[in-house]
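Please look at the structure shown here, and follow the paragraphs below as they move from one aromatic ring to the next.

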Amino acid sequence: MLRNYLKIALRNLFKNKVYTTINAVGLSVAFGSCMLLFLTAAHEFGFDAFHENRDRIHRLYFQTNTTRGVEKSSMMPAPLKPALEKEFPELQYVVRQNGGDCLIRYGDKELSQSIKFTDPDFFRMFSLPLRQGNPQTVLADLSSTVLNEKVARKLFGDENPVGRQVQMKFAGEWQTFTVSGVAEDFPDQSSIQYSVLVRFENNPGYQSSKDRWDNHFHVTYVQLKDNVKVEVFERKLQAFSKKYFAGSIQNLKRDGAVPDERGELMSLRLVSLPDLHFDTEVGGDNVGPVNRTFPVMLVTISFFILLIAGINFVNLTVARSMTRAREVGMRKVLGASRNQIIWQFWGEAFIICLLALIVGGSLAYMVLPEYKASFRFSLSLDLLREPATLVLLLAGFLLVTLLAGGYPAWLMTRYQTVQVLKGKVSTSRRNPLRNVLVTTQFAIATLLIGCTLVAWQQMGYLRSKPLGFNEQQVVSIPVGKELSGAKALELMRDKLARQPRVLNVTGTYRNFGLGLDHSQVTSVIGFDYKDRSVSSYWIRVDYDFLATMDIPLLAGRDFSPAFPSDSAQSVIINEAMARQLGEKEPIGTLLPVDDGKPPLQVIGVMKDFHFQSLHSSINSLTLVLDPDWPVHYILVKVRPDNLPATMDMLRQAWKEVAPKTEFRGSFLDENTNRQYEDEERLSRIFITAAGLAILISCMGLFAMAVLVMAQRTREIGIRKVLGASVGSLISLLSGSFLRLVLVALVLATPVAWYAMHQWLQDFAYKTDIHWWTFAVAGALSLLIALLTVSYQAIRAALANPVESLRSE
């Protein structure tokens with residue numbers, strides 16, 4: 001019996017090649033694209049899931065209610081760890097972390113690597129296996145270091161690294177460390193990444209900061225003991241905050257800050273390790289945080305694409321039901337039960353879906369490298385081996401097969417046998433289910449087109465908005481650890497002094513945008529000024545910074561070697577900082593930043609510029625020339641002509657200055673564009689998804705038009721005999737489909753507007769959502785549907801009525 005069912009199913013599928021192909025191609029594309037999107041979402045949701053105690057590990061962060069609004073920060077002071085361990089026995093471990101770059105050498109081999117400073121409980125808290133070494137004692141000694149496999153292999157080859165001594169340079173001097181362990185290379189889904197691990201006490205500046213509660217420079221993780229509830233522990237942190245941060249709370253009260261719903265002005269709170277990857281305010285470590293909306297959007301888009309393909313399947317199968325009605329009637333007369341008929345037709349649907357799944361999986365495998373390169377995703381098909389992933393994919397496949405194949409099969413078994421054999425069964429033109437499904441298809445397609453246009457407009461806005469400094473002519477070069485920043489800057493100035501292509505050279509503490517080193521440094525300093533709190537971002541710069549960046553000076557003067565005191569006692573502020581100080585004439589204002597040092601004098605006010613991404617508004621900024629702050633980047637302003645040759649010249653100059661450090665220079669416009677990689681990816685995904693949705697929808701609409709025109713052939717013939725014109729027939733045949741598309745437009749527009757309005761809230765600077773954006777989206781959907789249907793409508797209207805009425 002099963003063999004007979006299979007033979008009949010295959011015979012019917014081959015007999016109707018056009019509809020079988022449309023269904024198979026649509027489902028294959030849907031399954032393939034859904035696999036890629038689903039794997040990407042699973043990759044994001046799976047971050048840090050490999051840690052055994054992930055649900056009990058949390059990162060601490062401050063939530064402060066200032067007069068400027070709610071501010072969050074995960075930077076903590078060094079004495080917080082001993083205080084927490086003293087006050088809370090419910091804490092199992094407390095681990096501090098701070099990172100940077102270092103040079104490490106062994107023999108004649110020297111590498112530039114990332115380094116992390118942490119506490120001995122690091123390997124007890126986190127499930128990061130060691131290839132060699134004891135996790136209980138691997139960081140027991142201050143001079144111990146743990147290397148990851150990749151670094152150990154590069155330095156030692158096949159030698160056993162444990163017990164061997166290496167030299168490290170991360171604070172200006174070479175220091176000796178003993179390798180005590182080798183850690184496995186971290187999975188891509190780990191928020192914590194490092195090449196070299198040493199004790200936290202080796203952190204530069206630790207000794208001067210270990211007892212200071214006002215110097216926040218590292219993150220802190222806590223692991224709660226079993227049966228300790230997060231909510232209860234957070235409530236206990238309220239009293240702890242009031243005890244250890246009383247001065248900061250008192251200053252907030254003095255400034256007029258309003259407490260939050262919990263009655264707190266400043267409080268310590270927790271974000272769990274599984275949520276850390278999605279917390280864009282306090283999350284992120286070596287791997288930047290991702291807005292949770294992003295993977296949710298991927299799952300939603302994959303669902304929409306699969307839904308459209310499933311709708312095609314249902315519509316085409318139901319539309320073809322009339323051609324197989326007599327077959328159903330004969331089967332019933334010959335004794336076939338209702339369940340047997342359902343199994344027969346569902347089996348045909350299962351074969352198509354299975355074929356589509358195999359083809360779609362093959363397509364996903366083939367395009368995976370291009371997909372990863374195009375969208376800059378890091379994922380592998382190894383995720384498909386995970387039991388949870390397999391169960392979800394299998395459940396999705398069975399659900400699609402059941403709904404797409406089961407409903408048409410059940411519908412066909414409802415035909416009355418007598419009516420079928422008399423030829424009195426027909427499909428109604430006013431098919432409510434078909435109309436709903438077609439409307440849903442084009443509503444989704446219009447929604448995706450509208451979202452694509454808004455995302456495209458926002459990306460264009462971000463790229464074109466003036467940032468207030470010269471992006472196109474300034475090259476940013478990360479210094480690295482081979483030389484001190486000041487020395488590297490001095491040597492580069494000498495090398496480039498006689499180069500006609502170079503206009504200015506300066507140095508800075510932080511990059512502008514995201515450079516090729518993917519490193520970002522932020523320094524915020526607060527102090528009391530005239531009995532109120534003032535806070536500002538601080539950047540250490542060098543001479544000629546404003547000239548190099550083309551930032552206008554509105555008042556006062558620039559830093560100058562003619563004024564030796566500039567390096568220790570002078571600052572330049574932006575307009576936002578001037579407004580915060582509240583001085584009509586800020587030049588000459590003295591800022592009591594450090595109680596133990598003389599106040600700093602404002603010597604200039606520069607025009608506001610966007611030193612952060614456009615997700616944020618322009619904040620207060622202070623420039624200093626303090627030599628105690630390091631120079632991490634060299635900025636070179638070049639002439640705008642022949643930029644490739646200029647970059648080659650800079651590369652050669654850097655090779656002579658720091659031969660062991662890779663040249664990673666990039667123009668600032670490239671750096672600023674990298675800040676919007678997530679938005680860029682989402683925009684391209686929208687474009688691709690909208691294209692797939694339209695393609696699959698039109699395939700289904702085309703096949704549906706063919707079937708409907710075939711069913712109305714005699715009606716068209718009669719109308720032509722009675723005098724109907726070709727134009728009126730085309731309008732009649734196309735009108736029903738176009739009305740459905742118009743309804744889809746009306747339904748999709750408010751949903752698309754709301755979704756993109758919410759997405760744009762992540763930006764401080766955003767484009768306006770214009771009405772014509774959705775009009776264009778609707779017009780595109782309408783035009784595509786018209787072109788798809790009109791061909792069949794014209795063909796049917798031009799047909800000879802004699803042919804269709806000959807048998808009447």
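A charge counts as sitting over a ring if NZ of Lys or CZ of Arg is within 6 Å of the ring centre and within 35 degrees of the ring normal. In this predicted model, Arg 510 lies over the face of Phe 512, at 5.8 Å from the ring centre, and Arg 105 lies over the face of Trp 174, at 3.8 Å from the ring centre.

Rings can also pair with one another, and the structure holds 25 aromatic pairs. One of them joins Phe 126 and Tyr 221, whose ring centres are 5.3 Å apart and whose planes stand at 90 degrees, so the pair is edge-to-face. This pair links distant parts of the chain, for Phe 126 belongs to the loop between α4 (122-125) and β6 (130-132), while Tyr 221 belongs to strand β11 (residues 216-224), 95 residues apart. Phe 126 counts as buried at 2% relative accessibility, and Tyr 221 is buried with a relative accessible area of 1%.

Phe 512, already met beneath Arg 510, has a ring partner as well: its ring centre and that of Phe 545 are 5.9 Å apart, with the planes at 35 degrees, so the pair is tilted. Because Phe 512 lies in the loop between β14 (502-508) and β15 (524-528) and Phe 545 lies in helix α17 (residues 545-549), the pair ties together parts that are 33 residues apart in sequence. Both Phe 512 and Phe 545 are buried.

Finally, ring pairs can join into a group, as they do where Phe 62, Phe 88, Trp 213, Phe 233, Phe 240, Tyr 244 and Phe 245 are linked into a cluster.

Conventions. Residues are numbered from 1 along each chain as its sequence is written. This is a predicted model: local features need pLDDT of at least 70, side-chain atom pairs count only at pLDDT 80 or more; totals for chains, interfaces and linings use all residues. Side-chain values use heavy atoms; hydrogens and water are left out. Rings of Phe, Tyr and Trp (its six-membered ring) pair if their centres lie within 6.5 Å; planes under 30 degrees apart count as stacked, over 60 as edge-to-face and the rest as tilted. Helices (H or I, at least four residues) and strands (E, at least two) are DSSP runs, numbered from the N terminus. Buried means under 20% relative accessible area, exposed over 50%, partly exposed in between (1.4 Å probe, protein chains only).
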